[in-house]
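Colleague: Could you take a close look at one part of this model for me? I'd like to start with a charged pair and then hear what surrounds the topic.

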Amino acid sequence: QVQLVESGGGLVQPGASLNLSCVMSGRTSSNYVMGWFRQAPGKEREVVARISRRGDLTYYADSVKGRFAISRDEAQNTVYLQMNSLKPEDTATYYCAADLLVWKAPPNYWGQGTQVTVSS
């Protein structure tokens, strides 16, 4: 059974940085595509970034390009989301997601979410 556990959220000021982590247990993460989604109050959940199984392909939402970076460490079974130059509109619950081999719509596996609040 795949389990995803996120950490690293918090309350920061605009312009600050955060690094989210998502640890997969129960399976070897190298067989899974992984990514980050977010959901703000009153809005639909949206994809933020995704990374291929080997980590050689990435995708970013236009709203975070140039500010966020997704990466993965297979030795740690972990995927990261480095978030720089945070804006108030980045405030949301951030969810880690994964699928075996290829993405499904919606993804099959989700973490419980970690809150990111950007406010002065």
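Which side chain meets that of lysine 65 in a salt bridge, and what is the N to O distance?

Modeller: Sure, and keep in mind that this is a predicted model. The partner is aspartate 62: its side chain and that of lysine 65 meet in a salt bridge at 3.1 Å, N to O. Both residues of that pair, lysine 65 and aspartate 62, are exposed. As for the general idea, side chains of opposite charge can pair when their charged atoms come close.

That pair has company, since a search of the whole structure turns up six salt bridges. Some of them share partners, and those join Arg38, Glu46, Arg67 and Asp90 into one network.

Let's go through that network with arginine 38 as the starting point. One of its partners is glutamate 46, and the closest N and O atoms of this salt bridge are 2.7 Å apart. Another is aspartate 90, whose side chain meets that of arginine 38 at 3.0 Å, N to O. In sequence, the residues of this second pair are 52 apart: aspartate 90 sits in the loop between strand 8 (78–83) and strand 9, while arginine 38 belongs to strand 4 (residues 32–39), so the salt bridge ties those parts together.

Are these residues buried or exposed? Arginine 38 has a relative accessibility of 7%, so it counts as buried, the cut-off being under 20%. Aspartate 90 is buried too, with a relative accessible area of 0%. Glutamate 46, in contrast, is partly exposed, because its relative accessible area is 35% and that value falls between the cut-offs of 20% and 50%.

The network also leads us to a pocket. The largest pocket has a volume of about 170 Å³, and Arg38, Glu46, Arg67 and Asp90 are among the residues that line it. The lining also includes Lys43, Glu44 and Glu89, along with Gln39, Ala40, Ser63, Thr91 and Ala92. Sorted by type, the lining comes to seven charged residues, three polar and two nonpolar.

Now for a covalent link. A search of the whole structure finds one disulfide, formed by cysteine 22 and cysteine 96 with their sulfur atoms 2.1 Å apart. This disulfide joins distant parts of the chain, as cysteine 22 is in strand 3 (residues 18–25) and cysteine 96 is in strand 9 (residues 92–100), 74 residues apart. The torsion about the S-S bond is about -80°, so the disulfide is left-handed. Both cysteine 22 and cysteine 96 are buried.

Another arginine deserves a look as well. Arginine 72 is part of strand 7 (residues 68–73), and its relative accessible area of 15% makes it buried. Setting aside neighbours within four places in sequence, arginine 72 has contacts that include Tyr32, Val33 and Met34, and also Ile51, Ser52, Arg53 and Gly55. Ser29, Ser30, Thr78 and Val79 are in contact with arginine 72 too. Aspartate 56 is 16 residues from arginine 72 along the chain, with 10.0 Å between their C-alpha atoms.

A few backbone details are worth finding on your screen. Asparagine 77 has a positive phi of about 55° although it is not a glycine. You'll find asparagine 77 in the loop between strand 7 and strand 8, where it is buried at a relative accessible area of 16%. Leucine 101, also not a glycine, has a positive phi of about 70°. Leucine 101 lies in the loop between strand 9 and strand 10 and is partly exposed, with a relative accessible area of 43%. Proline 106 is also in the loop between strand 9 and strand 10 (109–110). The peptide bond leading from alanine 105 to proline 106 is cis, with omega near -5°.

Last stop, glycine 15. This residue is in the loop between strand 2 (10–12) and strand 3, and it is exposed, with a relative accessible area of 54%. Not counting residues up to four places away in sequence, glycine 15 touches Ser85 and Leu86. Valine 47 is 32 residues from glycine 15 along the chain, and their C-alpha atoms are separated by 21 Å.

Notes: Residues are numbered from 1 along each chain as its sequence is written. This is a predicted model: local features need pLDDT of at least 70, side-chain atom pairs count only at pLDDT 80 or more; totals for chains, interfaces and linings use all residues. Side-chain values use heavy atoms; hydrogens and water are left out. On a 1 Å grid over the protein atoms alone, a cavity is a set of points where a 1.4 Å probe fits but cannot get out, and a pocket is an open set with protein on both sides within 12 Å along at least five of seven lines; lining residues have an atom within 4 Å of a point. Grid points are joined across faces, edges and corners, and a volume is the space filled by probe spheres set on the points. Ala, Val, Leu, Ile, Met, Phe, Trp, Tyr, Cys and Pro count as nonpolar, Asp, Glu, Lys and Arg as charged, and the others, Gly among them, as polar. A disulfide is a pair of cysteine sulfur atoms within 2.5 Å. Helices (H or I, at least four residues) and strands (E, at least two) are DSSP runs, numbered from the N terminus. Buried means under 20% relative accessible area, exposed over 50%, partly exposed in between (1.4 Å probe, protein chains only). A salt bridge is a side-chain nitrogen of Lys or Arg within 4 Å of a carboxyl oxygen of Asp or Glu. Contact means heavy atoms within 4.5 Å.
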